[in-house]
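Student: Could you take me on a close look at a single part of this model? I would like to see how its charged and nonpolar side chains are arranged.

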Amino acid sequence: MQEHANSQLPAAPKRTPWNKGKLTGAKPPLRQKHVWAIRTKLQIEKRTRDLALFNLAIDSKLRGCDVVALKVDDVAPNGYSADRASVRQKKTGRPVRFELTEQTRQAVDDHIRTTSKKPGEFMFTACREQKRRMTTRQYSRLLSEWIASIGLDPHLFGTHSLRRTKATLIYRRTGNLRAVQLLLGHTKIESTVRYLGIEVDDALSIAEQVDL
């Protein structure tokens, strides 16, 4: 009797995978021309918050959750942007330092001035609730908008693309894997190797430039 009852139960509906129809895997970094195209577009459109967010994401090389958690004190402790900053990563709990280039400092100062940001406040807040920080989801949507605005497919890129952009460029120009490891805040060099997608050919190319 019990077996008959069980056979009459409707089959459980199949759950749709969260990544169905989405491209998974490592998102590539932006190229320099893409960075400048987005930067120029945001400047022309006078989107001071977005420009500060974009520039800080590139310079800081932070994960998306750490970018949106930045506070005024982290990057502008005296009311104006500093040359260098240090924040504690949410994922590892370890501090990581980063530089702020002149154009990033200018964008940060413009954003703080136009929004009258005060110490202790989040740098990037939700549009409707100025006390609440921007969510990583909002940040991701903004990035998709920026990417699409310069004619690229937003599905190919993600917030990790901005984290990877400067780190990849530094590695390609210097071959200094240890420096990139420190800048990304990785505890193991192997993590940096995987993150940058370094292949044997890359390593050999760097080795060939060293002549003893």
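Tutor: Happy to; here is a walk through the surroundings of one arginine and one tryptophan. Keep in mind that this is a predicted model.

Let's start with Arg47, which lies in the loop between α2 and α3. Its side chain has two acidic partners to look at. Glu45 forms a salt bridge with Arg47, with 3.2 Å between the closest N and O atoms. Glu145 forms another with Arg47, and here the closest N and O atoms are 2.7 Å apart. That pair links distant parts of the chain, since Glu145 belongs to helix α7 and is 98 residues away from Arg47. Glu45 also meets the side chain of Lys41 in a salt bridge, at 3.7 Å from N to O. Through shared partners, salt bridges join Lys41, Glu45, Arg47, Arg49, Asp50 and Glu145 into one network. The structure as a whole holds 10 salt bridges.

How open are these charged residues? Buried would require under 20% relative accessible area. Arg47 has 24%, so it counts as partly exposed. Lys41, with a relative accessible area of 30%, is partly exposed; Glu45 is partly exposed at 38%, and so is Glu145 at 40%.

Now move to Trp146. Leaving aside neighbours within four places in sequence, Trp146 is in contact with Arg47 and Asp50, and also with Ile38, Leu42, Leu53, Phe54 and Leu162. Arg47 and Asp50 both belong to the salt-bridge network, while Phe54 and Leu162 join Trp146, Leu56 and Met123 as the residues with the most contacts inside the largest nonpolar core. This core has 36 residues. Among the elements that give it two or more residues are α2, α3, α6 and α7, along with strands β1 and β2. The largest share, 7 residues, comes from α3. In soluble globular proteins, nonpolar side chains tend to be buried together.

Following Leu162 brings us to helix α8, where Leu162 is buried. The helix covers residues 159–174 and reaches 24 Å from its first C-alpha to its last, close to the 22 Å expected. There is a kink of about 30° in α8, centred on Thr165, and Thr165 is itself buried. Further along α8, Ala167 is buried too, and Ala167 is included in a second, separate core of 7 residues, together with Leu184, Tyr195 and Leu196. Just after the helix, Gly175 takes a positive phi of about 70°.

Note on methods:
Residues numbered from 1 in each chain as written. Predicted model: local features only at pLDDT ≥ 70, side-chain atom pairs only at ≥ 80, totals over all residues. Heavy atoms only, no water. Helix = DSSP H or I, 4+ residues; strand = E, 2+ residues; numbered from the N terminus. Expected span 1.5 Å × (residues − 1). Bend = angle between axes of the 7 residues up to and from the residue. Buried < 20%, exposed > 50% of the residue type's maximum accessible area, 1.4 Å probe, protein only. Core = buried A, V, L, I, M, F, W, Y, C linked by side-chain atoms within 4.5 Å. Contact = heavy atoms within 4.5 Å. Salt bridge = Lys/Arg side-chain N within 4 Å of Asp/Glu carboxyl O.
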